[in-house]
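User: I am new to this structure and would like a close look at one part of it, explained step by step. Please choose a part that can be followed from one element to the next, and say where each residue you mention sits.

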Amino acid sequence: MKVKKYCLEKKVLVKFILIALLICIDLGTKAYFAQYFKDGNNVINIFGGLISFTYLENSGAAFGSFADSTTLLTIISVVFIACFIIIDINNKSQTGLYVASYSLIIAGAIGNVVDRLSMHYVRDFIKFSFFNFVCNIADICICVGVVLFVLDVIIVQSKGKSKKNE
């Protein structure tokens, strides 16, 4: 009975489905573009060059930092995932915004860990003209998830403060 209540309260099924779907999209697009560019293609520009696809194998973290630190980055990522799961289990406020942010962050982290464990690098292929780095779907999930998580914290805390003032 407690497990069923936990799953309903914490929206576990919704999070699981979102995470699984996002991981599949991430790994599928990484595999597609790795194969596409392996066949000799160079760059694909869309939206007038605003976004381009180019393939890069990144053995580091964001912006190429910590190059060749795959083991360290994998350990840090796994510890982060475990900590975030513990935070999720203990989080009493599970808004829709929180569920989305949590799912995006966990899916992105897992997608990149899968790459690091299986290939010892992360496959990046998306380049925005206004940023000077190449990323992947997992990276975008993490960035969007963090923004949504911060918004959720701000909204939940502001609601809590307004209830105390009433």
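Analyst: Helices and strands are here DSSP runs, at least four residues long for a helix and at least two for a strand, and they are numbered from the N terminus. The model is a predicted one, and the part chosen is helix 2 with its surroundings.

A pocket makes a good starting point. The second largest pocket has a volume of about 190 Å³, and 11 residues line it, those closest to its centre being Val-12, Lys-15, Ile-19, Ile-85 and Tyr-102. Two or more lining residues come from each of helix 2, helix 3 (70–90) and helix 4 (96–119), and with 4 residues helix 2 gives the largest share of this lining.

Helix 2 also holds Asp-26, since the helix covers residues 12–38. Asp-26 has a relative accessible area of 1%, and because anything under 20% counts as buried, this residue belongs to that class. A polar atom of the Asp-26 side chain lies 3.0 Å from the backbone nitrogen of Ala-138. Leaving aside residues up to four places away in sequence, Asp-26 touches Gly-111, Asn-112, Asn-136, Ile-137 and Ala-138, so the contact with Ala-138 is one of several.

The next element to consider is the sheet. It is an open sheet of 4 strands, paired in the antiparallel sense and arranged in the order 1-2-3-4. Strand 1 (44–46) and strand 4 (134–135) stand at its edges, and because each has a single partner strand, one side of each is left without a neighbour in the sheet. Helix 2 packs on this sheet, where it touches strand 1, strand 2 (51–58) and strand 3, and the direction of helix 2 makes about 85° with that of strand 3.

Within the sheet, strand 2 and strand 3 are paired antiparallel over 6 bridges, and in this pairing Phe-53 stands opposite Ile-126 in strand 3. Strand 3, residues 122–128, also pairs antiparallel with strand 4, over 2 bridges, and there Lys-127 stands opposite Val-134 in strand 4. These two strands form a hairpin, with 5 residues between them. As for how far strand 3 is covered, 5 of its 7 residues are buried, and it is described as mostly covered.

Two residues show how these strands meet what surrounds them. Arg-123 is in strand 3, and because its relative accessibility is 8%, it counts as buried. The side chains of Arg-123 and Asp-115 are joined by a polar contact of 2.8 Å. Asp-115 is again among the residues that Arg-123 touches, a list that leaves out those up to four places away in sequence and also includes Leu-27, Lys-30, Ala-31, Ala-34, Tyr-55, Leu-56 and Asn-136.

Thr-54, for its part, is placed in strand 2. Its C-alpha atom is separated by 8.1 Å from that of Phe-33, although the two residues are 21 residues apart along the chain. With residues up to four places away in sequence not counted, the contacts of Thr-54 are Phe-37, Asn-42, Val-43, Asp-124, Phe-125, Ile-126, Lys-127 and Val-134.

Lastly, two loops that lead into the strands deserve a look. Phe-47 is in the loop between strand 1 and strand 2, and it has a positive phi of about 55° although it is not a glycine. Because its relative accessibility is 63%, Phe-47 counts as exposed. His-120 is found in the loop between helix 4 and strand 3, and it too is not a glycine yet has a positive phi, of about 70°. His-120 counts as exposed because its relative accessibility is 54%.

To bring the picture together, helix 2 gives the largest share of the lining of the second largest pocket, holds the buried residue Asp-26, and packs on the sheet by touching strand 1, strand 2 and strand 3.

Terms used
Residues are numbered from 1 along each chain as its sequence is written. This is a predicted model: local features need pLDDT of at least 70, side-chain atom pairs count only at pLDDT 80 or more; totals for chains, interfaces and linings use all residues. Side-chain values use heavy atoms; hydrogens and water are left out. Buried means under 20% relative accessible area, exposed over 50%, partly exposed in between (1.4 Å probe, protein chains only). A polar contact is a pair of N or O atoms within 3.5 Å; within protein, one must be able to donate a hydrogen and the other to accept it, and residues adjacent in sequence count only if both atoms are side-chain atoms. Contact means heavy atoms within 4.5 Å. Two strands pair if DSSP finds at least two bridges between them. Axes are lines fitted to C-alpha atoms, for helices over the stretch in contact, and angles run from 0 to 180 degrees between N-to-C directions. On a 1 Å grid over the protein atoms alone, a cavity is a set of points where a 1.4 Å probe fits but cannot get out, and a pocket is an open set with protein on both sides within 12 Å along at least five of seven lines; lining residues have an atom within 4 Å of a point. Grid points are joined across faces, edges and corners, and a volume is the space filled by probe spheres set on the points.
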